[in-house]
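Here are some notes to read alongside the model, written for someone meeting it for the first time. Please keep the viewer open and follow the points in order.

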Amino acid sequence: MSSSAHFSAVVDGLLAEGLRVRFRANGRSMLPTVRDGECVIVAPVQAARVATGDVLLCRTWRGELAHRVTR
């Protein structure tokens with residue numbers, strides 16, 4: 001299993017238990033809000049509570065990516 005798959009499995013399990021997850025961001029696509037190497041904390045959220053401007057951790061074909069909700 002790749003390190004990305006391990007990360008996904010651990011994050012999925014912890015979030016499913018209602019726990020928050022802390023990790024270091026990798027990349028610059030979320031600048032200036034999240035910088036490369038910065039500590040990020042994610043927590044479970046109900047879909048109805050997601051609002052424009054929130055940053056979500058999304059599972060994609062490339063692995064987990066942070067995305068800002070724009071609408």
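1. Does Asp12 count as buried, partly exposed or exposed? Its relative accessibility is 32%, so Asp12 counts as partly exposed. Please bear in mind throughout that you are looking at a predicted model.

2. Asp12 is a good place to start, as its side chain meets that of Arg59 in a salt bridge, with 2.3 Å from N to O. The two partners come from distant parts of the chain: Asp12 belongs to helix α1 (residues 3–16) and Arg59 to strand β3 (residues 55–60), 47 residues apart. Arg59 has a relative accessibility of 57% and therefore counts as exposed, the cut-off being over 50%.

3. Stay with Arg59 for a moment. Its side chain also forms a salt bridge with the side chain of Glu64, at 3.7 Å from N to O. Through shared partners, Asp12, Arg59 and Glu64 are joined into one network. Glu64 has a relative accessible area of 16% and is buried, because buried means under 20%. The network thus holds residues of each kind: Glu64 is buried, Asp12 is partly exposed and Arg59 is exposed.

4. How many salt bridges does a search of the whole structure find? It finds 3. Besides the two just described, there is one between the side chains of Arg35 and Glu38, at 3.3 Å from N to O. Both of these residues are partly exposed: Arg35 has 48% relative accessibility, and Glu38 has a relative accessible area of 25%.

5. Now turn back to helix α1. It has 14 residues and spans 20 Å from its first C-alpha to its last, close to the 20 Å expected at 1.5 Å a residue. Just after the helix comes Gly18, with a positive phi of about 85°.

6. Helix α1 also takes part in an aromatic pair, and the whole structure has 1 such pair. Why is it called edge-to-face? The ring centres of Phe7 and Phe23 are 5.4 Å apart and their planes stand at 80°, which is over the 60 degrees needed, so the pair is edge-to-face. Since Phe7 sits in helix α1 and Phe23 in strand β1, the pair ties together parts 16 residues apart in sequence. Phe7 is partly exposed, with a relative accessible area of 30%, whereas Phe23 counts as buried at 18%.

7. Phe23 leads us on to the largest nonpolar core. This set has 8 residues: Val11, Val21, Phe23, Ala25, Met30, Val34, Val40 and Val42. Which elements give two or more residues to it? They are β1 (21–24) and β2 (39–42).

8. Met30, one of the core residues, is worth selecting in your viewer. Leaving aside residues up to four places away in sequence, Met30 touches Val55, Ala66, His67 and Arg68.

9. Lastly, look at strands β3 and β4, which form a hairpin with 2 residues between them. Strand β4 covers residues 63–68, and the two strands pair in the antiparallel sense over 6 bridges. For one example to find on screen, the bridge partner of Leu57 is Ala66 in β4. You have met Ala66 already, among the residues that Met30 touches.

Definitions and conventions
Residues numbered from 1 in each chain as written. Predicted model: local features only at pLDDT ≥ 70, side-chain atom pairs only at ≥ 80, totals over all residues. Heavy atoms only, no water. Core = buried A, V, L, I, M, F, W, Y, C linked by side-chain atoms within 4.5 Å. Buried < 20%, exposed > 50% of the residue type's maximum accessible area, 1.4 Å probe, protein only. Helix = DSSP H or I, 4+ residues; strand = E, 2+ residues; numbered from the N terminus. Contact = heavy atoms within 4.5 Å. Salt bridge = Lys/Arg side-chain N within 4 Å of Asp/Glu carboxyl O. Expected span 1.5 Å × (residues − 1). Phe/Tyr/Trp six-rings, centres within 6.5 Å; stacked < 30°, edge-to-face > 60°. Pairing = 2+ DSSP bridges.
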